[in-house]
Amino acid sequence: MFATLPRSDQRRCATAYLRALLTSPGRKTVRAMTNSTTDLQALQQFVNASPWDWQPPRQALGRLAAQRMNLRATVVELALVPKYGEQIVGVHRRPTPTGGSVNCQVALGTFLTERGRSLPVDWRLYLNRAWGEDEAHRRRARVPDTVRRRPLEDLALELLDHAPRPHPGRTRPVILDLRGNADTRRAAAGLLERGTDFLLSLGPGERSRANVLKPPVRGPLVTLASPARLDLPGHGPGRFRLLAQWSPARDRPRQVWLTNLLDGSANDFLALLRLRNTAGEALTAISEDYGMADFTGRSFPGWNHHMTLVSAAYALDTLQLAEEDPP
C-alpha cells in the first residue's frame with residue numbers, strides 16, 4: 001500500500017504507525033501510542049504535517065481487497081463520530097433522532113464486502129458551512145482549495161467513482177444508506193447515471209409516506225412492493241421497487257429501501273441486507289478498536305492520513321486472520 005510514498009523515512013513511519021495501531025491498547029492517538037514507538041515527533045509529523053498523497057495507498061488497498069475477496073457488494077456507510085471541542089477538523093453540532101444534538105465529525109466510507117467480511121478502502125469527510133466556506137477555518141485546517149462544502153449524496157457518488165470496478169461480465173450492487181441526511185432523488189439519479197444496481201435507503205419522511213407496504217404475517221421480516229414509477233432529476237420516470245425491513249414486532253418498518261432491482265426475491269434482498277450489516281460491523285470495529293474515533297488532529301490532511309492508516313491496519317488484521325482460519 002505504501003510503496004508509492006516517495007521517501008524511505010515516510011515508509012518507515014507508515015510501518016511504525018500501523019504496528020502501533022495494531023498492538024497498542026486503548027486510545028489510538030499518536031501520543032497515546034508512544035509505548036509502541038520510539039519516535040513520537042516523527043509520527044506526529046508524518047500524520048499531521050507531511051504532504052504525502054493518501055489516494056494512491058487507498059487505491060492499492062482497493063486492488064488488494066478485490067484480489068483477496070469474493071466481493072458481493074459495495075457498501076457506502078455513514079459514520080457520526082462524537083468529538084469534544086470545536087477545533088478538530090470537520091467537527092460541528094448535528095441534530096439527533098431523539099431531538100437533541102451532538103458535536104461530531106461526519107464521514108462516509110466505501111466498504112468492499114463479501115459474505116462475512118468487509119474492508120473500508122476510501123473515505124470522505126463532510127464539511128459543513130464553517131469548514132467548507134469560512135476561510136479562517138479552512139486555513140487553520142489546511143483544507144485544499146479543491147475541497148469545498150458538498151452534499152452527502154455528492155460525496156457518496158464520488159466515492160463510488162473511485163471504487164474498484166467489478167471484473168468484466170460481473171455486477172456488484174451498491175448499498176447506500178445516508179440515514180435521511182441527503183437528497184434521495186439526486187442520489188438515485190446519480191446511481192442510475194453510473195449504470196449500477198442499488199439499494200438506497202429512504203429518510204424518515206419518505207419512509208412514513210411508503211404506506212403501501214404491509215408487514216408479513218410470518219417468515220422473513222422483508223416485504224417488496226410492486227414496481228412503481230418515480231420521476232428523477234434529468235431522467236424522467238423510472239421503474240423501481242420499495243423494500244421494507246420490519247421490526248421484530250412487525251408493527252413498523254425499521255428501514256425502507258428504494259431499488260432498481262426489479263426481479264429479486266425477498267431472500268435475494270435479505271442476502272444484500274446481511275452484506276450491509278457486515279459493513280456496519282466493520283465500521284463499528286474500526287471506530288472502537290482501530291482508532292477511527294481517536295483522531296484529535298486539527299488538519300484535513302491529518303485526518304485523511306490517519307484514516308488511510310486505520311483502514312490499512314484493519315485490512316491487515318482482517319486478511320491475516322482470514323488466512324489463518326482452517327479451511
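# Exercises on a predicted protein model

The secondary structure of the protein comprises 10 helices and 10 strands, where helices (H or I, at least four residues) and strands (E, at least two) are DSSP runs numbered from the N terminus. The radius of gyration is 21 Å, close to the 20 Å that the globule rule gives for 327 residues, so the protein is as compact as a globular protein of that length. This radius is taken over C-alpha atoms, and the globule rule is 2.2 Å times the number of residues to the power 0.38.

This is a predicted model, in which local features need pLDDT of at least 70 and side-chain atom pairs count only at pLDDT 80 or more, while totals for chains, interfaces and linings use all residues. Residues are numbered from 1 along each chain as its sequence is written, and side-chain values use heavy atoms, with hydrogens and water left out.

## Exercise 1. Overall dimensions

Task: Describe the box, the burial and the contacts of the protein.

Solution.
- Step 1. Taken along the principal axes, the box filled by the C-alpha atoms is roughly 60 × 55 × 40 Å.
- Step 2. Of the 327 residues, 50% count as buried; buried means under 20% relative accessible area, exposed over 50%, and partly exposed in between (1.4 Å probe, protein chains only).
- Step 3. Among contacts between residues at least 6 apart in sequence, 65% join residues at least 24 apart, a contact being heavy atoms within 4.5 Å.
- Step 4. The accessible surface comes to about 16,100 Å², and 49% of this belongs to carbon and sulfur atoms. Accessible areas come from the Shrake-Rupley method with a 1.4 Å probe; for residues, only the protein chains shown count as cover.

## Exercise 2. Helix spans

Task: Compare the end-to-end distances of helices H1 and H9 with the spans expected at 1.5 Å a residue.

Solution.
- Step 1. The expected span is 1.5 Å times one less than the number of residues in the helix.
- Step 2. H1 (residues 8-23) has 16 residues and reaches 23 Å from its first C-alpha to its last, close to the expected 22 Å.
- Step 3. H9 (residues 266-288) has 23 residues and should span 33 Å; its end C-alpha atoms are 33 Å apart, which agrees.
- Step 4. The buried residues of H1 include Cys13, Tyr17 and Leu21, and those of H9 include Phe269, Arg276 and Ile286.

## Exercise 3. Strands E2 and E3

Task: Determine which residues of E2 are buried and what stands opposite histidine 92.

Solution.
- Step 1. In a regular strand the side chains alternate between the two faces of the sheet.
- Step 2. In E2 (residues 92-95), His92 and Arg94 point to one face and are buried, whereas Arg93 and Pro95 point to the other and are not.
- Step 3. E2 runs antiparallel to E3 (residues 101-114), joined by 4 bridges; two strands pair if DSSP finds at least two bridges between them.
- Step 4. Cysteine 104 in E3 stands opposite histidine 92, and cysteine 104 is buried, with a relative accessible area of 0%.
- Step 5. Threonine 110 also lies in E3 and is buried at 0% relative accessible area. Not counting residues up to four places away in sequence, threonine 110 touches eight listed partners, among them Thr74, Leu119 and Ala163.

## Exercise 4. Strands E6 and E10

Task: State how E6 and E10 are joined and how many residues of E10 are buried.

Solution.
- Step 1. E6 (residues 198-201) and E10 run antiparallel, with 3 bridges between them.
- Step 2. Within this pair, leucine 200 stands opposite leucine 258 in E10.
- Step 3. E10 (residues 253-259) is mostly covered, since 5 of its 7 residues are buried.

## Exercise 5. Positive phi angles

Task: Locate arginine 142 and arginine 179 and give their phi angles.

Solution.
- Step 1. Most residues other than glycine have a negative phi.
- Step 2. Arginine 142 has a positive phi of about 55 degrees although it is not a glycine. Arginine 142 is in the loop between helix H5 (135-141) and helix H6 (152-162) and is partly exposed at 37% relative accessibility.
- Step 3. Arginine 179 has a positive phi of about 55 degrees although it is not a glycine. Arginine 179 is in the loop between strand E5 (174-176) and helix H7 (184-193) and is partly exposed, with a relative accessible area of 41%.
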